[in-house]
There are 2 protein chains.
Amino acid sequence: MTLSLRYQQIADELRRGITTGTYKLGERLPSEDALAALLDVGRPTLRDALDVLQAEGLLKKRHGSGTYVTRPQPPVRYAPGARTGQPDAAVHSKIRTTLSVTSIKAGVKLASLLHVPGGTPVAKYRYLNREGEVAHSVAHVHVPQSVADRDLRQIREVRSPWGEDVLRLLLRAGVHVETTAQRLAARLATAEEAKLLEITIRTPVLSIERVSTDAGGRVVEAAHLVLRGERSEAVFTTPALFPDEEAADDGTVDGDAD
Amino acid sequence: MTLSLRYQQIADELRRGITTGTYKLGERLPSEDALAALLDVGRPTLRDALDVLQAEGLLKKRHGSGTYVTRPQPPVRYAPGARTGQPDAAVHSKIRTTLSVTSIKAGVKLASLLHVPGGTPVAKYRYLNREGEVAHSVAHVHVPQSVADRDLRQIREVRSPWGEDVLRLLLRAGVHVETTAQRLAARLATAEEAKLLEITIRTPVLSIERVSTDAGGRVVEAAHLVLRGERSEAVFTTPALFPDEEAADDGTVDGDAD
DNA sequence: CAGTGGTCTAGACCACGAA
DNA sequence: TCGTGGTCTAGACCACTGT
């Protein structure tokens, strides 16, 4: 792997400059024009390199102000069901969450997720999670008001950045979640998300749709989580895939798998 | 949301052209120079727009040949443990998998994943999955040869694009996987992956690291899956998060969550 | 207001594919 | 060989920040 791309070479050079202390933590880099001249590249190419380092968490750009060296944070983790007692909080890196609660009416997409008619009143919880000064993830949790009528008051304490408080709230209201399904995809940030998460529009994000149902198959909660791609991860632990199947071998050799 | 970005407007315009039939399925688009002149934009901006449509699966570029209109395929799904009998094969869209098996020695990263010393002999299975003509995902599955000595012959049939055949193989060899942990992240494709998956280096991918352990806590399998970001998804279903906990309410109001 | 990053352009050169 | 997409450059203009 020879790294023939110019902007990757430049990214390497800048990364070296950061790790060797030429550019120190918290300092402002030279302006893009100056850096481009210094490194003898065009500005678009330099910007591609800066994008790489920003995605790695080594840099943070501030429009109108400059580009600053930052300390990369440990990856943010979404690990539902990881109540196996391990101190996941060991990674606790001062996540601050701001929560706002509103009441909305379900639009088309949300209605289909929740399996309710459009226009249904829904309680919406918006979690914005920051680590230090930078936002890294946002969670939008929705519960039909018919599910837990007037019990959906303000959350008292924020224990999880992923809106699992709402599930606890439901439990207290007598609603027992049976299964939770999560659908994950990787995509580029939308303009709106880029602004919220303080990233560029070219940064990949991990998008998670979560749907919780009770024993009756009723959808009681739907959430949309967006995590910055790099420096974030989702962890799922599943039991044995084939608990005790006697593999019947009907030996087709070539593969059309479905 | 006014979509003020030029390349997004251009992407919209081209998308309209595709859906209205100005550019028909399978046809080649005008060259980038011609398109840029036609739409009155610069080529870099046009290329940003084409990247969007390519990520959506509406276009496919072939270096040296041209840009072609393609039919977007349904999302490729990774859903481990989804043996709840539902016909997931209903999404079967003619996935063709080519499998190659080699024997390697564990490098630093692989050794740490497998919890074996560096240099340990490892069987490596490489699954490359295509749908129609385009590759959409690749899975690299590794099993230490000490785990299932000479039983790690050729796979006879490819039932799953995700290397779960290897887990079946292990079962037949008397190795019982107890839990499987999956770590998911979103990032941009590396140059190598971009070539394999026939995407650009600016496309987000879903990267999945999977580690399977047996009852003794021994790591018996480690895999790295890479899925094209758009048009791919991973689905996990988890049981109730709070099976029956009596939520003790110690009412801290503001949120420092960890 | 001056300086910064954000976006877009015109044009060059290269690597690849088809004829 | 020639046309295509892949990469890079120099330079322009705008939006935002801080003075």
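Q: What makes two residues count as in contact in this predicted model?
A: Their C-beta atoms, placed from the backbone, lie within 7 Å. By that cut-off, six residues of domain 1 of chain A are in contact with six residues of domain 2 of chain A. Helix 3 of chain A supplies the largest share of the domain 1 side, three residues. That side divides into one nonpolar, two polar and three charged residues.

Q: Which domains does the assignment give for chain A, and how far apart are their C-alpha centres?
A: The assignment gives domain 1 (6-69) and domain 2 (76-234). Their C-alpha centres lie 34 Å apart.

Q: What makes a residue count as near DNA strand D, and how many surround the strand?
A: Its C-beta atom must lie within 6 Å of the strand. On that test, 23 residues surround DNA strand D. The closest are A:Arg6, A:Gly42, A:Thr45, A:Gly64 and B:Gly64. Two or more residues each come from helix 1 (6-19) and helix 3 (43-55) of chain A, and from helix 3 (43-55) and strand 2 (66-69) of chain B. Helix 3 of chain A gives the most, with three residues.

Q: Why is A:Arg6, one of the closest residues to DNA strand D, called charged?
A: Arg counts as charged, so A:Arg6 belongs to that class. The surface near DNA strand D has seven nonpolar, 11 polar and five charged residues.

Q: Which residues are closest to DNA strand C?
A: They are A:Gly64, B:Arg6, B:Gly42, B:Thr45 and B:Gly64, among 24 that surround the strand. By class, the surface has seven nonpolar, 11 polar and six charged residues.

Terms used: Residues numbered from 1 in each chain as written. Chains lettered and ligands numbered in written order. Predicted model: local features only at pLDDT ≥ 70, side-chain atom pairs only at ≥ 80, totals over all residues. Helix = DSSP H or I, 4+ residues; strand = E, 2+ residues; numbered from the N terminus. Domains from an automatic or database assignment.
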